[in-house]
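Dear colleague,

I am passing on the structure we spoke about, and my notes on it follow directly below. Please read them with the coordinates open beside you.

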Amino acid sequence: MTKELTINSERLWNSLQELARIGAYEDRATGLTGVNRQSLTDEDAEGRRLLIDWLRDAGLAVTVDQMGNIFGRREGSEPDLDPVYTGSHIDTVSTAGAFDGCLGVLGALEVVRSLNDRGSTTRRPIVVAAWTEEEGVRFGTDMLGSAVAAGRLSLDYAHALADAAGKTLGDELERTGFKGEHPVLLDPPHAYVECHIEQGPVLLREDTQLGVVTGGQAISWQRITLGGRAAHAGTTPTELRIDAGLAAARIVVKVREMVDSGDYGRLRATVGHIATSPGLPSVVPDRAELTVDLRNPDDGCMVAAERDLAAFLETLPESQPGLAVETRRMARTNQVPFSGEIQNLIATSAEELGYSTSHLMSGAGHDAQEIAAITPTAMIFVRGQYDGVSHNPREYSTPEDCAAGVRVLAATVEKLAS
Ligand code: HGY
Ligand code: MN
Ligand code: MN
């Protein structure tokens, strides 16, 4: 390999900060400036347009596919060879920082910009990818754009998904001008490498800058709707109540008890959304809805947790006869192992560049878990500060650590493309 490809860490950092200004908001809980750029909102569309301008400025041929996935292709000296893909997502949750997903897309762009600076051409083409609706928080299924590109979910299913206001993803793609013509089914790349912040405390605790990611854990998302009966808070005795709010509260406690029981391995459970109606002080709730997000590195333990939670839901009407319980699956992926070969390439590149690394499984879901189904795939994690907090405006990685991750990304991509 010719001398190390130097990246411009200041240019990387400035790009991260400039993109983070789109969808910026003042976060009351933290007093910090957060980012809210949920997929296919006007803010996301503005961020997409900025990214496309940057991709074009870097001389890339830009295509947008039927899911709004954005690709920037840098030609290789042998254009017929399968390209090396690298990227992530630029859509965010509503309480985001500047790094989740964006580091992987802008890091991939920095690799291309650095290759341009050096004037070198790789054998294989390199494609920078920005996947649609990775977070899944607006349309209800995460890693959506990459799942359709990899053929796990259908285009029709994805286009029909609707947000809380009933707007479908297909309509929002149309409205924002990102419903591309390019067929969404991806020709299998030569390889896929994604750089991402760890979003957890492991690397910081181990005092290690970078992580070589061994795989992604299983994810299960479901929406539970409970039907009770509205009644007067003052006159209705307990035995006559069908209290949907009480049932919802029991579910919140139950999933934490399942985690604490230790019966399901390293289960993580989150009720991120919970709402009762009519939501009035003097009315017993007649309806409640909540989401349950389960994560587990072991598929067997995940199946057991889903099974036991379903069994618990069935018991709820026993204590409140007449209670209706309805569940709808929103997202479900199994544990995904990443390519050992690509992991080794990442580890070797990091070592050559003098960085310490450790191997770890990803706690968060990533597009790499979807693309791993069609090509050898692995990820580089960058250490986060403040216990690696993420999905929170306090999310922060230092310029040095971001640059370290992108240097290793550059070295890995260049090896794969040459
Ligand atoms: O939910 C996740 O793990 C990721 O942020 N999409
Ligand atoms: Mn992410
Ligand atoms: Mn995220």
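The side chain of R295 places an N or O atom 2.7 Å from an oxygen atom of ligand 1, and I should say at once that this is a predicted model, so every distance here is a computed one. Two further side chains make polar approaches to ligand 1: in E135 an N or O atom is 3.0 Å from one of the ligand's oxygen atoms, while in H391 a polar side-chain atom is 3.2 Å from an oxygen atom of ligand 1. Taken alone, ligand 1 would expose 220 Å², of which the protein buries 95%.

The residues around ligand 1 are E134, E135, D142, W221, R295, A364, G365 and H391, and by class this shell comprises 4 charged, 2 polar and 2 nonpolar residues.

Turning to the metals, the manganese ion (ligand 2) is coordinated by NE2 of H89, OD of D100 and NE2 of H196, at 2.1 to 2.3 Å, and along the sequence these donor residues follow the spacing H-x10-D-x95-H. D100 and H196 stand 96 residues apart and link distant parts of the chain, with D100 in the loop between strand 5 (84-88) and helix 3 (102-118) and H196 in strand 7 (residues 191-197). Both D100 and H196 are buried. D100 also bridges two metals, the manganese ion (ligand 2) and the manganese ion (ligand 3), which lie 3.5 Å apart.

With best regards

Technical notes
Residues are numbered from 1 along each chain as its sequence is written. Chains are lettered from A and ligands numbered from 1 in the order in which they are written. This is a predicted model: local features need pLDDT of at least 70, side-chain atom pairs count only at pLDDT 80 or more; totals for chains, interfaces and linings use all residues. Side-chain values use heavy atoms; hydrogens and water are left out. A residue is near a molecule or strand if one of its heavy atoms lies within 4 Å of it. A polar contact is a pair of N or O atoms within 3.5 Å; within protein, one must be able to donate a hydrogen and the other to accept it, and residues adjacent in sequence count only if both atoms are side-chain atoms. Accessible areas come from the Shrake-Rupley method with a 1.4 Å probe; for residues, only the protein chains shown count as cover. Ala, Val, Leu, Ile, Met, Phe, Trp, Tyr, Cys and Pro count as nonpolar, Asp, Glu, Lys and Arg as charged, and the others, Gly among them, as polar. Donors are N, O and S atoms within 2.8 Å of the metal (3.2 Å for Na, K and Ca); water is not among the atoms, so sites may look incomplete. Helices (H or I, at least four residues) and strands (E, at least two) are DSSP runs, numbered from the N terminus. Buried means under 20% relative accessible area, exposed over 50%, partly exposed in between (1.4 Å probe, protein chains only).
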